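Visitor: Hi, could you walk me through this one? I'd like to start with how the chains meet.

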Amino acid sequence: MTAMVRTIVVEDSLLAREAVVDRLAQLPNVTIVATLENAANAVVACARRSIGLVLMDVCTRDDESGLAAAARIKRESPSTRVIIMTSMPEHTFLAKAQAAGCDSFWYKDLQAVGLVDVVERTLRGERVWPSEAPVVWLGLARSSELTAREFDVLHQLARGLSYEQIASELGISLNTVKYHVKNLLAKTGFESTLALVVEAVDKRLVLPKY
Amino acid sequence: MAVLVCMLCLALACALMIWTCAHPARVVGLASLTRAAVDTLPSGICLGSASGVPILVNHRMDQLACELTGHSILDARAFWRDLSELSCARLLDGDQLGARALEVAAPDGSVWQFVRCKTMGRPSYLQIQAIDVTAIARARAETSAANELLREQNARQQLLLQDVEKINLKRETLSARMQAHRSLGECLLMTQKAQEQVKAGLDEQARDALLLKLVGRWDAVLRGLGHAEPTEKTGGSDLAELEGVAALIGCRVVWSGELPAEKVARSLVLSAVREALSNAARHAHATALNVCCEQQDGWTVAHIWDNGQDAQAGGAPASLTEGAGLADLRARIEEEGGVLRLDLSRGVSLTVRVPEAR
């Protein structure tokens, strides 16, 4: 007889949560012991090390970051498998999930591979990762056209930092920050950093809170 | 650089004038030559006796004096006083030699820096220099305007970011409604298909199974519709979810007192409870966690302790290190102006003190 995998689903949208639970019902070896809206509660739920699988949304209730919670779960209970689920194209999520030691990553609605498939493969010990974040248009440019450094600068701009603060935060000179901002504006066609940042946040390409 | 060259020229000219004044008999011819030279300087210069009697005023300074005070310099000290009282004058810092400086905007739009000082040696002379700093003042004004614009943009950017949460909530509502429409559409199609199947002829068992499936589907959709609007984030279900998780790990939370209603304070107290629950289950093998909240003059004080093995034995835990969880919690609490205290006298207990409104 196959051992049942005690599973937690963290998702703050009711319909998405029900959809996930619905899909997991197809798997005979998965039993859902809790559905949560707040990622920090998942850390508590894993405290006895009896949870085998966590499906974790990134942006959860009360602004708790699913990535931070996943990192802690993997640190304290490495045998628990964690699958990150998100519909946001935020460019840092993939790297952060990998750094947190998560087992798999699934883009809701955007990925050709289905959730059931991702869960089955993850439970078999496979790591299922999309090759890159979804590409979105930012003004006149595709998000894939921006360099990693330009994304870093954009991320800091979205935190509301001044150029001087960005230079200090990233350990680069003020002129280099201005150079990257100039390139960002040239590529995207925006006339001001404010318009650029608003569009980037609106498209969920940059979410500094998480 | 230009200002530096002007200053050097002025210094040379002044030294020459002072020397000329000190040795009048020897250099009558040289004095007139010096005067002609200082008249060609782009900067203004005025040299007077200690009592203020003007000895030498060059052409530029005379022109400036007429523009700003309406007359030539009759008394160097009175001229300085008149300058200081002009509405377009701004006092700058003096230096260690006692020089004082004024920045004056002339009616023609140019900006002049006037510097007053007493010369060294005996007899002492009063010296006033005027240097054209229009370009510097203009650059400073432009920088200041640019900084102001940047400050405004930063402030607006931060305001907009605050709205992101609301925008996300609206998007989610819209997405929920679209999902509801899709689900209803699917159910209607399923019902229509079932009707066709029933009309085409189905045995009783198959018909019952089909009806049961349809009812289940409609029930799920209608239940979903009842919750289609996202709930407010400051409601009571944060507590219910935490209690559910506590029950899952077999550690009951016993509350006494009122949790703060203010969002940040409430969130911090609940974070502390989560941290304590996590540690109580993992290390102390506790079955209950006590949380006692008190409100004291705009502060919430929460005492949190468990009934784990160390608490029952009445001793401190064998080893205790402040791990990442507690350190993060401490940082979050201190960032909001609160305090986290650990007490190890009977197991591990936490005391959290957080302001209710900042």
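Guide: Sure, we'll take the interface, then one helix, then a chain overall. This is a predicted model, where local features need pLDDT of at least 70, side-chain atom pairs count only at pLDDT 80 or more, and totals for chains, interfaces and linings use all residues. Residues are numbered from 1 along each chain as its sequence is written, chains are lettered from A and ligands numbered from 1 in the order written, and side-chain values use heavy atoms, with hydrogens and water left out.

Visitor: How many residues does each chain put into the contact?

Guide: Chain A brings 42 and chain B brings 43, with contact meaning heavy atoms within 4.5 Å.

Visitor: And what area is buried between chain A and chain B?

Guide: About 3,600 Å², with carbon and sulfur atoms giving 48%. That's the accessible area (1.4 Å probe) that two parts lose on being put together, summed over both. On the chain A side, A:Arg48, A:Arg61 and A:Leu194 lose the most, together 19% of what that side buries.

Visitor: How many salt bridges between chain A and chain B?

Guide: There are 3, counting a side-chain nitrogen of Lys or Arg within 4 Å of a carboxyl oxygen of Asp or Glu. One salt bridge joins the side chains of A:Arg72 and B:Glu275, at 2.9 Å from N to O.

Visitor: Which helix of chain A gives the most to the side that touches chain B?

Guide: H9(A), with 6 residues. Helices here are DSSP runs (H or I, at least four residues), strands are too (E, at least two), and both are numbered from the N terminus. By class, that side of chain A has 18 nonpolar, 8 polar and 16 charged residues. Ala, Val, Leu, Ile, Met, Phe, Trp, Tyr, Cys and Pro count as nonpolar, Asp, Glu, Lys and Arg as charged, and the others, Gly among them, as polar.

Visitor: Switching topic: why is H6(A) largely enclosed?

Guide: Because 8 of its 11 residues are buried, that is, under 20% relative accessible area (1.4 Å probe, protein chains only; exposed is over 50%, partly exposed in between). Among them are A:Phe151, A:Leu154 and A:His155. Just after H6(A), A:Gly160 has a positive phi of about 85 degrees.

Visitor: What's in chain B, helices and strands?

Guide: Chain B has 10 helices and 11 strands. Of its 358 residues, 34% are buried.

Visitor: How much area does chain B expose?

Guide: About 20,900 Å², with 57% supplied by carbon and sulfur atoms; accessible areas come from the Shrake-Rupley method with a 1.4 Å probe, and for residues only the protein chains shown count as cover.
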